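Subject: Handover of a structure and notes on its contents

Dear colleague,

Please find below the structure that I am handing over to you. My notes on what was found in it follow directly after.

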Amino acid sequence: MEAAGNISGLIEFIPENVEKAPEDSGVFLIISSSQKVLYVGTTDAKGLRESLWNVLEEQPFGAPGYFKYVAEPDPANVDEITAELIAEHKPPHNLGYGRFRNEEITLPKQGHSIRHSAPNP
């Protein structure tokens, strides 16, 4: 798989590590504590760090243990990488593999934020 050379290692899904994620656009994987890929997502205009913060704060997949990411500025490549990763891992929260679909998952902002618990780099 082409994306494998660019993908980060397995990173514990805690505020300190999310704060270190790049602000670039790209693809991210949400991974359970048993290392099963739960979801493959793409970033919006705000980038990887902001997308990962949204998942960490809202926890739409329970309490995942890890994440990985591929920073990729080219939207055409992001779509290709996403499709490859979904086909490879068949995550339960992506289209056709569970009860949620990419376009159905929303991460609304609520009043409480855990960001303030992360130390400043």
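With which side chain does the side chain of Ser-32 make a polar contact? The partner is the side chain of Ser-34, at 2.9 Å. Please bear in mind throughout that this is a predicted model.

The surroundings of Ser-32

Ser-32 sits in the loop that lies between strands S2 and S3. Is this residue buried or exposed? Its relative accessible area is 12%, and because buried means under 20%, Ser-32 counts as buried. Setting aside neighbours within four places in sequence, Ser-32 is in contact with Leu-38, Gly-65 and Tyr-66. The hairpin formed by S2 and S3 has 5 residues between its strands, and in it Gln-35 adopts a positive phi near 70 degrees.

The strands

Strand S2 is mostly covered, with 6 of its 6 residues buried. Gly-26, Phe-28 and Ile-30 point one way from S2, whereas Val-27, Leu-29 and Ile-31 point the other way. As a general rule, the side chains of a regular strand alternate between the two faces of the sheet.

S2 pairs with two other strands. With S4 the pairing is antiparallel and extends over 6 bridges; Val-27 stands opposite Val-70 in S4. With S3 the strands also run antiparallel, joined by 5 bridges. On that side, Val-27 stands opposite Thr-42 in S3, and Phe-28 stands opposite Gly-41 in S3. S3 is itself mostly covered, with 5 of its 6 residues buried.

The nonpolar cores

The largest nonpolar core has 16 residues, and those with the most contacts inside it are Phe-13, Val-18, Phe-28, Ile-30, Leu-52 and Phe-67. S2, S3, S4 and helix H2 (48-58) each supply at least two residues of this core. Which element gives the most to this core? H2 does, with 5 residues.

A second, separate core of 10 residues includes Val-37, Ile-81, Leu-85 and Ile-86.

Ile-30, listed above for the largest core, has contacts with residues well beyond its own strand. Leaving out residues up to four places away in sequence, Ile-30 touches Phe-13, Lys-36, Val-37, Leu-38, Tyr-39, Leu-52, Val-55, Phe-61, Pro-64 and Tyr-66.

Helix H3

Helix H3 comprises 15 residues (residues 75-89). At 1.5 Å a residue this helix should span 21 Å, and its end C-alpha atoms are 21 Å apart, so the expected and computed values agree.

Where do the buried residues of H3 lie around the axis? These residues are Val-78, Ile-81, Thr-82, Leu-85 and Ile-86. They cover an arc of only 130 degrees around the axis, which means that they are on the same side of H3. In general, an α-helix has 3.6 residues a turn, so residues three or four places apart point the same way. What covers the buried residues of H3 includes strands S2 (26-31), S3 (37-42) and S4 (66-71).

Both ends of this helix deserve a short note. At the N-terminal end, Asp-74 acts as a cap of H3, with a side-chain oxygen 3.0 Å from the backbone nitrogen of Ala-76. Just after H3, Lys-90 takes a positive phi of about 45 degrees.

With kind regards

Key: Residues numbered from 1 in each chain as written. Predicted model: local features only at pLDDT ≥ 70, side-chain atom pairs only at ≥ 80, totals over all residues. Heavy atoms only, no water. Helix = DSSP H or I, 4+ residues; strand = E, 2+ residues; numbered from the N terminus. Expected span 1.5 Å × (residues − 1). Buried < 20%, exposed > 50% of the residue type's maximum accessible area, 1.4 Å probe, protein only. Arc of directions from axis to C-beta. Contact = heavy atoms within 4.5 Å. Polar contact = N/O pair within 3.5 Å; in protein donor to acceptor, adjacent residues only side chain to side chain. Core = buried A, V, L, I, M, F, W, Y, C linked by side-chain atoms within 4.5 Å. Pairing = 2+ DSSP bridges.
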